[in-house]
Each structure stands twice: as C-alpha cells, then as structure tokens.
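This report introduces a protein structure to a reader who meets it here in its sequence and three-dimensional form.

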Amino acid sequence: MERLDKFLVSCGVGSRSQVKDLLKSGRVTVDGVPERDGARKIDPQTQTAALDGQPLGGRRRVVAMLNKPAGFVTATEDRSERTVMELLPETLLRQEVKPVGRLDKQTEGLLLFTNDGDLLHRLISPKKEVPKRYYARHEGQASAEDVAAFAAGLVLRDGTVCLPAVLEPLGPGESFVIVREGKYHQVRRMMAARGMTVTYLERQGEGLLTLGGLPRGQVRELTEAEIAALEAECS
C-alpha cells in the first residue's frame with residue numbers, strides 16, 4: 001500500500017505542492033471516484049488512480065523534445081561540464097529519461113529524450129535511417145560538386161564511410177544538411193571534408209518532428225500522435 005500523494009509524485013505528474021493542488025481540484029480519481037485526500041493508501045496493483053481520466057502507473061512512457069542551447073553536453077552526468085539533464089524539469093527527471101543520440105556542446109536545436117529503451121535504440125540505429133535535418137552556417141559556399149559528394153556518401157578524412165546524405169546550399173555560407181545516421185560530430189566533419197568549416201549548427205528536425213515555436217532552452221512532451229508518427233518512422 002502507498003500514500004496517494006506519494007504515488008502521484010512518483011508518476012511524475014508534479015511536485016508535492018502541485019500534487020496537493022491537483023487533489024484539491026478534484027482532478028484525481030481512484031477507481032473512478034474523485035479523491036482529495038493525499039494521505040489515502042492505495043494499492044497500485046489492484047486499484048486505478050487517474051488524472052483527468054488518464055490512468056497512472058508507477059512509471060509512464062515519456063518522449064520529450066528539448067530545444068538545446070549551446071554550452072551543454074549531451075550526457076546524463078559530467079564532472080566538469082553542464083549537461084542537458086540540467087535543463088529538464090523534475091517531473092521528467094523522475095521518469096528516468098535519457099537523451100536520444102547526442103548533439104555536441106556547441107550545436108543547438110532539437111534533442112529528444114525518452115525512458116522507452118526500445119524506442120531509443122530504434123531512433124539511433126543507422127539501419128532505421130531516421131532523417132535528421134540541420135541548418136549550418138559555414139565558411140565558403142557549397143557547390144554542385146559538394147552536393148553530389150554528399151549524395152554519393154562521403155568518406156571522411158579518417159576513413160569513416162558515411163551514408164548518402166542531402167546537402168542543400170542556401171547561398172554563401174549557409175546550407176541545410178540531412179543525414180540518416182549519427183556519427184561523432186558527423187555534420188561538422190562532413191562539411192570539413194569538403195573544405196567548409198562549420199561556424200554554427202542547429203538541428204531543426206528529426207523524422208517528421210520539427211522545433212516549431214519551442215523556445216531555446218525549453219522542453220515539452222510529445223503528444224501521443226507525435227509519438228505514434230515517430231514510432232512508424234523507425235519501425
């Protein structure tokens with residue numbers, strides 16, 4: 001048996017004070033009956049607690065999107081650097097989410113998090129070829145020869161072979177790049193292999209997902225429809 005308020009916090013619906021307000025508002029039910037007493041003991045194995053009609057479990061599946069700012073490393077912990085985990089609210093941290101792939105310290109933009117290990121591995125698998133779209137500012141201007149080299153599959157200076165990718169020149173010093181894998185510093189290294197040093201990089205999309213109007217440094221959970229679309233792309 002477990003206190004209802006403690007159970008709600010463990011489900012990630014809010015902090016202790018937020019859970020108290022949710023209970024007062026009558027939005028929490030136990031077996032379909034509104035419950036306002038956080039001290040009530042429930043058995044999550046035999047009783048159903050719900051918020052706004054949505055059943056809750058000890059740990060729910062979460063997929064969230066962060067608009068990552070520069071200056072944070074993509075890691076769950078680091079002794080000397082600030083990590084992207086510091087940008088997540090406590091409600092997500094309690095759900096034990098992890099970054100999906102990585103963006104390097106200076107790269108900004110879309111970074112996914114989930115506590116669904118199977119979905120995480122499918123999203124980062126090069127076999128699934130989930131496209132990732134980047135905006136790059138760089139030295140020089142991309143040529144038709146550069147576009148063709150990307151499309152053929154670049155071989156980097158250290159011998160790393162890349163899958164075919166899309167390079168879309170936007171004008172002097174600007175390009176879109178679409179890759180379907182996530183090698184270490186891949187976009188920067190691909191551009192450097194063609195003599196174009198990247199000075200700014202932002203991931204703007206992954207699969208059908210885009211940043212939309214999400215402000216830099218902010219995070220939001222994906223809707224069920226967005227998660228279903230993402231799963232379909234890497235199935």
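The sections below treat helices, sheets, cores, a pocket and two buried loop residues in turn.

## Basis of the report

The structure is a predicted model. The residue numbers used throughout start from 1 along each chain as its sequence is written.

## Helix α2 and its surroundings

Helix α2 spans residues 16-24, and within this helix Val-19, Leu-22 and Leu-23 are buried. Viewed down the axis of α2, these buried residues lie within an arc of 100°, so they line one face of the helix. An α-helix has 3.6 residues a turn, so residues three or four places apart point the same way.

The face of α2 turned away from the buried side carries Lys-20 and Lys-24, which are exposed. The cover over the buried residues of α2 includes α1 (4-10), β2 (28-30) and β5 (49-51). After α2 comes Gly-26, which has a positive phi near 80°.

## The four-stranded sheet and Glu-35

An open sheet is formed by four strands in the order β3-β2-β5-β6, with antiparallel pairing. The edges are held by β3 (33-34) and β6 (54-55), each with a single partner strand, so one side of each has no neighbour in the sheet. The antiparallel strands β5 and β6 are joined by two bridges, and Ala-50 stands opposite Pro-55 in β6.

Glu-35 is located in the loop between β3 and β4 (41-42). The relative accessibility of Glu-35 is 14%, and this residue therefore counts as buried, the cut-off for buried being under 20%. Apart from neighbours within four places in sequence, Glu-35 is in contact with Leu-4, Leu-23, Val-28, Thr-29, Val-30 and Arg-40. One of these contacts, Leu-23, is among the buried residues of α2.

## The largest nonpolar core

The largest nonpolar core has 30 residues, of which Phe-113, Phe-150, Met-190 and Met-191 touch the most other members. Two or more residues are given to this core by each of β7 (63-68), β9 (108-114), β10 (132-138), α5 (144-152), β12 (174-179), α6 (186-193) and β13 (198-206). The largest share, three residues, comes from α6.

Setting aside residues up to four places away in sequence, Phe-150 touches Leu-163, Pro-164, Ala-165, Val-166, Leu-167, Val-177, Met-190, Met-191 and Arg-194. Apart from this core lies another, of 16 residues, among them Met-65, Val-100, Leu-119 and Leu-230.

## Helix α5 and the β11-β12 hairpin

In α5, the buried residues are Asp-146, Ala-149 and Phe-150. The arc that they cover around the axis is only 100°, which puts them on the same side of α5. Ala-144, Glu-145 and Ala-152 are exposed on the other side of α5. Among the elements that cover the buried residues of α5 are β11, β12 and α6. Just after α5, Gly-153 has a positive phi of about 100°.

Strand β11 (residues 166-171) pairs with β12 in the antiparallel sense, over five bridges. One pair of bridge partners is Glu-168 and Phe-176, the latter in β12. The hairpin of β11 and β12 has two residues between the strands, and in this hairpin Gly-173 takes a positive phi near 75°.

## Leu-156

Leu-156 is placed in the loop between α5 and β11. With a relative accessibility of 5%, Leu-156 counts as buried. Its contacts, not counting residues up to four places away in sequence, are Cys-162, Arg-189, Met-190 and Ala-193. Leu-156 and Leu-208 are 52 residues apart in sequence, and their C-alpha atoms are 28 Å apart in space.

## The second largest pocket

The second largest pocket has a volume of about 400 Å³. Its lining consists of 22 residues, and those nearest the centre are Arg-102, Leu-103, Gly-182, Lys-183 and His-185.

Two or more lining residues come from each of β10, α6 and β13. Helix α6 gives the most to the lining of this pocket, with three residues. Helix α6 thus has a part both in this lining and in the largest nonpolar core, to which α6 also gives three residues.

Note on methods: Predicted model: local features only at pLDDT ≥ 70, side-chain atom pairs only at ≥ 80, totals over all residues. Heavy atoms only, no water. Buried < 20%, exposed > 50% of the residue type's maximum accessible area, 1.4 Å probe, protein only. Arc of directions from axis to C-beta. Contact = heavy atoms within 4.5 Å. Core = buried A, V, L, I, M, F, W, Y, C linked by side-chain atoms within 4.5 Å. Pairing = 2+ DSSP bridges. 1 Å grid on protein atoms, 1.4 Å probe; cavity = no way out; pocket = protein on both sides within 12 Å on 5 of 7 lines; lining within 4 Å. Points joined across faces, edges and corners; volume = space filled by probe spheres on them.
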